[in-house]
Amino acid sequence: MAQESTKPKLKLAIYWGAACGGCCVSVLDTHEKLLDIVAAADLVFWPIAMDIKYKDVENMPDKSIDLTLFNGAVRNSENKHLAQLLRQKSKILVAYGSCAYMGGIPGLANFFSRNEIFKRAYEETESTLNPDKTIPLHSFKVKEGILEIPEMFNDVFPLNQIVDVDYYIPGCPPQSERLLEVFSAIVSGIGLPPAGSVVGANDKTNCDECKRKKSDKKQIKRFYRPWEIQDDKETCFIEQGVICMGPATRGGCGVRCVEGNSPCRGCYGPPPGATDPGAKMMAAIGTMIAADKPEEIDEIIETIVDPAGLFYRFSLPGSILGRKIL
Amino acid sequence: MNFRPTIVAFLCNWCAYTGADLAGTSRLHYAPNVRIIRIMCSGRIEPTFILKAFKEGADGVLVCGCHPGDCHYQEGNYKCLRRFKLLEKFVSQMGIEKERLKLEWISASEGKQFAELINEMTKTILQLGPGKVNKTLEFEHFKTK
């Protein structure tokens, strides 16, 4: 191209799939640094902040977007279309945040089928009055023509089950400082790990970074939910009987939840070498149960009310099983 | 087509594997549906192994270790039992029938019991039908690699 000598500005796109919007807000949480981002890059597509249509993206040349931050899981045909479209238009596609990385909170829908969810949401919820049992249809014929809305899938997918992903930035939402580090690495092209890596996080578990007092021998006689016990604010949560996802969670967030006296919930996903954070957590917690007799073990496990939901809070679709077997 | 179940069995080196070996050297006949993986101790079993076995098509998973008190490494089998109980609760939440996952203690002298165990488990799984773990997601949405 003619203007090869003057370095063109980067083109940046941010899109949300099945997400709460918190990831987009975390980009704004860079505060005045956002101006630096805008100085280095043109935002070409960002539905939360810009008025731009999908067909404008479709008209962009392939690989013309330098960096796309895709947050949110893939839940319906619209998410899937945009995931495929942005993959085609982007040089680097980043799964940004827990939902795009492993399914996140929307991924908990994989404990149910689409029909169960529709029944609950449109018929059974206490505030719903729907005697005709009307549920959203994918397409509906009216006299003006056919109306269509995106089709909701039976399953929630993390981004990498739909398209190839170059990098993963975990977190719910990712820490904004980490985004800046990753962004400057991409702008400069220096210090980028091989494609497929998790960036914006480190290689240790949260326990390695946690400052709470820990002993070697963890013996648990009963599990407590966080509200059932008075936290002493200095001893390891697990030693107090409160399940903390620290042992099976990648560090990088600065252990913020524990610093705020709340157990880790596992939004940063599994540490390197582990594929399934929940299975890792069951391995860790299981051995700490202080009983030898099967009945006593059962009694202690009884105090973990919902192991599947607790251990896979942010990672069900990206885990080994992926969803509840129906 | 006739359904032939696949059972993945993790056997500890010191008791259960030796027990299975004894079943073989004693020329006992038992169902050919079991795929044995030898591990040093049942305490080595991680939930990941079992979930992965299911994901890759196992219709049942069996874990065998030494009887309580007999572990070669003192208490590996107790560790296994605790993890297993927790995993059992998780697996039933995930909609996998509890009969598909079994933990049994087999000593080195229990070749006969091992053969009976395999026969019995094969029979149960034949009645349950094929495992559904790897058929449950809407695969048509997955990217073609």
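**Exercise 1.** In what sense do E1(A) and E3(A) pair, and over how many bridges? Place the two strands in their sheet and describe how E3(A) is surrounded.

*Solution.* The model is a predicted one, and the steps below rest on its coordinates.

Step 1. E1(A) and E3(A) pair in the parallel sense, with five bridges between them, and within this pairing Trp16(A) has Asn71(A) in E3(A) as its bridge partner.

Step 2. On to the next pairing: E3(A) also runs parallel to E5(A), to which six bridges join it, and here Ile65(A) stands opposite Ser90(A) in E5(A).

Step 3. Both pairings belong to an open sheet of six strands with parallel pairing, whose order in chain A is E2-E1-E3-E5-E9-E10; its edge strands, each pairing on one side only, are strand E2 (41-45) and strand E10 (197-198) of chain A.

Step 4. Because six of the seven residues of E3(A) are buried, this strand is largely enclosed by the rest of the structure.

**Exercise 2.** Follow the sheet from E5(A) to E9(A), and identify a helix that lies across it.

*Solution.* Step 1. Strand E5 (residues 90-96) and strand E9 (residues 167-169) of chain A pair in the parallel sense over three bridges, and Tyr96(A) stands opposite Ile169(A) in E9(A).

Step 2. The helix is H7 (residues 176-188) of chain A, which lies across strand E1 (10-16), strand E3 (65-71), E5 and E9 of that chain and runs at about 155° to E9(A).

**Exercise 3.** Describe the overall organisation of chain A, beginning with its domains.

*Solution.* Step 1. The domain assignment gives domain 1 (2-105 + 155-198), domain 2 (112-153) and domain 3 (206-311), and the centres of domain 2 and domain 3 of chain A, taken over C-alpha atoms, are separated by 39 Å.

Step 2. Chain A contains twelve helices and ten strands, and its C-alpha trace spans about 75 × 60 × 30 Å along the principal axes.

Step 3. Of the 326 residues of chain A, 41% count as buried, while among contacts between residues at least 6 apart in sequence, 73% join residues at least 24 apart.

**Exercise 4.** Characterise the side of chain B that touches chain A.

*Solution.* Step 1. The contact involves 28 residues of chain B and 33 residues of chain A.

Step 2. On the chain B side, the elements that give two or more residues are helix H2 (47-55) and helix H3 (76-93) of chain B, and H3(B) provides the largest share, eleven residues.

Step 3. Sorted by character, the residues on this side of chain B divide into twelve nonpolar, five polar and eleven charged.

Notes. Residues numbered from 1 in each chain as written. Chains lettered and ligands numbered in written order. Predicted model: local features only at pLDDT ≥ 70, side-chain atom pairs only at ≥ 80, totals over all residues. Contact = placed C-beta atoms within 7 Å. Helix = DSSP H or I, 4+ residues; strand = E, 2+ residues; numbered from the N terminus. Nonpolar A, V, L, I, M, F, W, Y, C, P; charged D, E, K, R; others polar. Domains from an automatic or database assignment. Buried ≥ 20, exposed ≤ 12 C-beta atoms within 10 Å, placed from the backbone. Pairing = 2+ DSSP bridges. Axes fitted to C-alpha atoms, helices over the stretch in contact; angles between N-to-C directions.
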